[in-house]
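This report describes selected side-chain interactions in one protein structure. Please consult the sequence and the three-dimensional view alongside the text.

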Amino acid sequence: MDFSWTPEQVELYQRAFAFARAETEADWKRLGEFGLLGLSLGVEHGGSGLPAVDTARVLEGLAHGGLSPGRLFAASAHLFAAAMPIAEHGSPELQQRFLPRLASGSAIGANAISESTAGSDAYALKCRAERDGDDYVLSGAKSFVTNGPVADVFLIYASTNPKHGWLGVSAFVVERDAPGLRVGSEFVKHGLSGSTLSSLYLEACRVPAANRLGDEGAGARIFEASMRWERCCLFALYLGVLQRQLEQVIAYARERKQFGKPIGKFQAVSHRIVEMKLRLEAARLLLYRAAWESDQGRDASEAISLAKLAVSEAAVQSGIDAIRIHGGAGVIAETGVALALADALPSLLFSGTNEIQRELVARKLGL
Ligand SMILES: Cc1cc2nc3c(=O)[nH]c(=O)nc-3n(C[C@H](O)[C@H](O)[C@H](O)COP(=O)(O)OP(=O)(O)OC[C@H]3O[C@@H](n4cnc5c(N)ncnc54)[C@H](O)[C@@H]3O)c2cc1C
């Protein structure tokens, strides 16, 4: 067993870290130029062809360097839940049409499965896709679509055969200007600023049958594959946030004095920081093991759910700890300390809630 990074992986991380240091608010175009938007897409499609381990490492480096977590979240939703499914399940024609634009950042991708009555029960879709000649006609509404307000390309899941439940779900690539597609107004949300969220309405939206990914009924399998990418690689951004936060609290605990000495000399504070370190290291090991298992082509679903749980729970708990260590300064907006907690809270929910991840692991354990 070898836990060390290769020189190429070290270089990737350093390049990501340096880019983020210089451009904390990099816009979408710059993220495309850096290569973030196509990290795991094949070189033939304009991507970098990186495996999951390296892709995750770049995301960690970018967040550690200070690139906005919201921006990284938006880029990850674009890459893992919209572009990767097209790369893995799209026809050569769909790949050629969309992937180079998605990889360069000249087009923005979004994925739309959730509905107001189909959240954790993701395949209980009311959104229908009915075949009509060479087209499908999509009708329904989607409730939470990251990048919705700005996306050019939507990956939309709809039921082609409601009687067949999750085996009746299909996935379609739909362009923003498709007749009958309407994007709702942007939600005001807590945390992850730099990413946008909206609902989506489909009113007899006509989509060519050639825009279907994979076979009719393959939607659930396609969505699960995209969630494996997301739960693994997207969550690496929180490792970078946690690393940065750890460095921040150590510096603060050394500098801030009470009762004539640095607060880091009080065991209550130093042990809290050690717990933050422990949480980060444990979450990091789980995440990279999950990414590695995935790259090996193994069934990594249990490792991925465990990693998603460990990273997101660590992000929330350490977000609270960082505030406590900073005392009152922790809740003053100017210090930015509480922002990490606001950015962490949604991670308990998206990509499948943590309760659902526990359910998935419980099933793997035969419970
Ligand atoms: C910031 C953000 C971005 C998002 N982006 C997207 C996106 O781009 N595309 C998209 O399609 N969706 C997106 N979502 C939606 C997200 O996938 C859902 O919020 C999530 O699946 C949970 O669904 P829900 O919100 O309806 O909660 P519900 O499913 O109603 O859950 C409510 C509570 O009940 C619990 N619960 C439900 N069922 C069970 C069960 N069987 N066992 C135990 N507990 C259970 C949940 O864990 C939760 O605590 C996003 C959400 C957020 C917060």
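A salt bridge is defined here as a side-chain nitrogen of Lys or Arg within 4 Å of a carboxyl oxygen of Asp or Glu. The model is predicted, so local features need pLDDT of at least 70 and side-chain atom pairs count only at pLDDT 80 or more, whereas totals for chains, interfaces and linings use all residues. Residues are numbered from 1 along each chain as its sequence is written, and side-chain values use heavy atoms, with hydrogens and water left out.

**Salt bridges**

Across the whole structure, 18 salt bridges are found. Three of them are listed below with the separation of their N and O atoms.

| Pair | N to O distance | Helix |
|---|---|---|
| Glutamate 93 and arginine 97 | 3.4 Å | α5 (residues 92-104) |
| Lysine 277 and glutamate 281 | 2.8 Å | α8 (residues 267-295) |
| Glutamate 293 and arginine 289 | 3.7 Å | α8 |

Helices are DSSP runs (H or I, at least four residues), numbered from the N terminus. In helix α5, glutamate 93 and arginine 97 are four residues apart and therefore separated by about one helical turn. Lysine 277 and glutamate 281 are likewise four residues apart, in helix α8, which places about one helical turn between them. The spacing of glutamate 293 and arginine 289 in helix α8 is also four residues, or about one helical turn.

Accessibility is classed by relative accessible area: buried means under 20%, exposed over 50%, and partly exposed in between (1.4 Å probe, protein chains only). Glutamate 93 is partly exposed at 41%, as is arginine 97 at 29%. Lysine 277, at 39%, is partly exposed, and its partner glutamate 281 falls in that class at 27%. In the remaining pair, arginine 289 is partly exposed at 39%, whereas glutamate 293 is buried at 15%. Through shared salt-bridge partners, Arg57, Glu60, Lys277, Glu281 and Arg284 are joined into one network.

**Threonine 55**

Threonine 55 lies in helix α3 (residues 52-64). Is this residue buried or exposed? Threonine 55 is buried because its relative accessibility is 0%. A polar atom of its side chain lies 3.4 Å from the backbone oxygen of leucine 50.

Contact means heavy atoms within 4.5 Å. Apart from neighbours within four places in sequence, the contacts of threonine 55 are Leu39, Ser40, Leu50, Phe80 and Cys233. Leucine 50 thus appears both in this list and as the residue whose backbone oxygen faces the threonine 55 side chain at 3.4 Å.

Note on methods
Helix = DSSP H or I, 4+ residues; strand = E, 2+ residues; numbered from the N terminus. Polar contact = N/O pair within 3.5 Å; in protein donor to acceptor, adjacent residues only side chain to side chain.
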